[in-house]
Amino acid sequence: DATGVALGSAITADNCGIASTINDAPAVFPLGATTVTWTVTDNAGLTATATQTVTVTDTENPTITAPVNVTVNSDAGSCDATGVALGSAITADNCGIASTINDAPAVFPLGATTVTWTVTDNAGLTATATQTVTVTDTEVPTITAPANVTVNSDAGSCDATGVALGSAITSDNCGIASTINDAPAVFPLGATTV
């Protein structure tokens with residue numbers, strides 16, 4: 001709304017003089033166009049009217065504060081998170097809010113994702129704020145060692161070299177970075193735990 005609008009003055013004339021010039025302007029003009037009707041009355045009581053349009057525009061951007069940043073664990077057996085509760089943005093505007101939306105995905109990947117919140121007021125003006133959603137992996141990987149191995153010592157030696165250990169079976173919700181073992185290059189006689 002607008003108050004204290006300077007309307008100007010109507011220009012009037014009459015052969016016998018003007019008794020009054022009035023208008024029906026409201027004290028407060030709403031957003032949009034308002035028609036003001038001016039009425040002039042002469043000394044004989046005759047009247048004439050003219051109209052004026054007062055248009056109030058909203059140039060004040062809305063305000064928005066995004067919800068606090070969120071950190072969640074990935075879904076069980078997955079490297080992503082779904083159903084993340086983002087919270088609600090706090091918005092305000094002098095002429096009212098038309099909509100508040102965000103660009104959050106349905107599925108958040110591992111790591112940090114920026115969510116942009118946008119508020120639009122009734123005049124189409126917008127403002128944005130961002131929120132960070134961080135997905136962490138707390139699910140430990142699994143590993144099954146290869147089967148135990150029994151080998152003969154190398155010819156003329158009490159040790160064994162070049163032992164084929166086989167491969168461990170591994171699994172993880174977010175992928176395996178590495179699989180290593182502490183096997184020696186030379187296995188001594190007897191049992192060695194790898």
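How many bridges pair β2 with strand β4 (residues 32-42), and in which sense? The views below get to that, and they all come from a predicted model, where local features need pLDDT of at least 70, side-chain atom pairs count only at pLDDT 80 or more, and totals for chains, interfaces and linings use all residues. Residues are numbered from 1 along each chain as its sequence is written, and side-chain values use heavy atoms, with hydrogens and water left out.

**View 1. Three strands line up as β2-β4-β5 in an open, antiparallel sheet.** Strands here are DSSP runs (E, at least two residues), numbered from the N terminus, and two of them count as paired if DSSP finds at least two bridges between them. β2 (18-23) and β5 (47-56) sit at the edges with a single partner strand each, so one side of each has no neighbour in the sheet. From one strand to the next, the twist averages 15°; the axes behind such angles are lines fitted to C-alpha atoms, and the angles run from 0 to 180 degrees between N-to-C directions. Back to the opening question: β2 and β4 pair in the antiparallel sense over 5 bridges. Look for Ser-20, which stands opposite Thr-41 in β4.

**View 2. Another open sheet has 4 strands, in the order β7-β13-β12-β10, with mixed pairing.** Its edges are β7 and β10 (97-102), each with a single partner strand, so one side of each is left free of a sheet neighbour. Here the twist averages 20° between one strand and the next. β7 and β13 run in the parallel sense, paired over 4 bridges, and Val-70 has Val-133 in β13 as its bridge partner. As a reminder, strands of a sheet pair through backbone hydrogen bonds, either parallel or antiparallel.

**View 3. β12 (residues 111-121) and β13 (residues 126-136) make an antiparallel pair over 10 bridges.** Two spots to find: Trp-117 has Ala-129 in β13 as its bridge partner, and Val-115 stands opposite Gln-131 in β13. The hairpin has 4 residues between the strands, and Gly-124 takes a positive phi near 85° there.

**View 4. The side chains of β13 alternate between two faces.** Ala-127, Ala-129, Gln-131, Val-133 and Val-135 point to one face and are buried. Buried means under 20% relative accessible area, exposed means over 50%, and partly exposed is in between (1.4 Å probe, protein chains only). Thr-126, Thr-128, Thr-130, Thr-132, Thr-134 and Thr-136 point to the other face and are not buried.

**View 5. Cys-79 and Cys-174 form a disulfide, with their sulfur atoms 2.0 Å apart.** The pair links distant parts of the chain, 95 residues apart: Cys-79 is in the loop between β7 (70-73) and β8 (81-82), and Cys-174 is in the loop between β16 (169-171) and β17 (186-187). A disulfide is a pair of cysteine sulfur atoms within 2.5 Å, and the structure holds 1 of them. The link is right-handed, with 110° about the S-S bond. Cys-79 is buried at 18% relative accessible area, while Cys-174 counts as partly exposed at 24%. Elsewhere, Cys-16 is exposed, with 52%.
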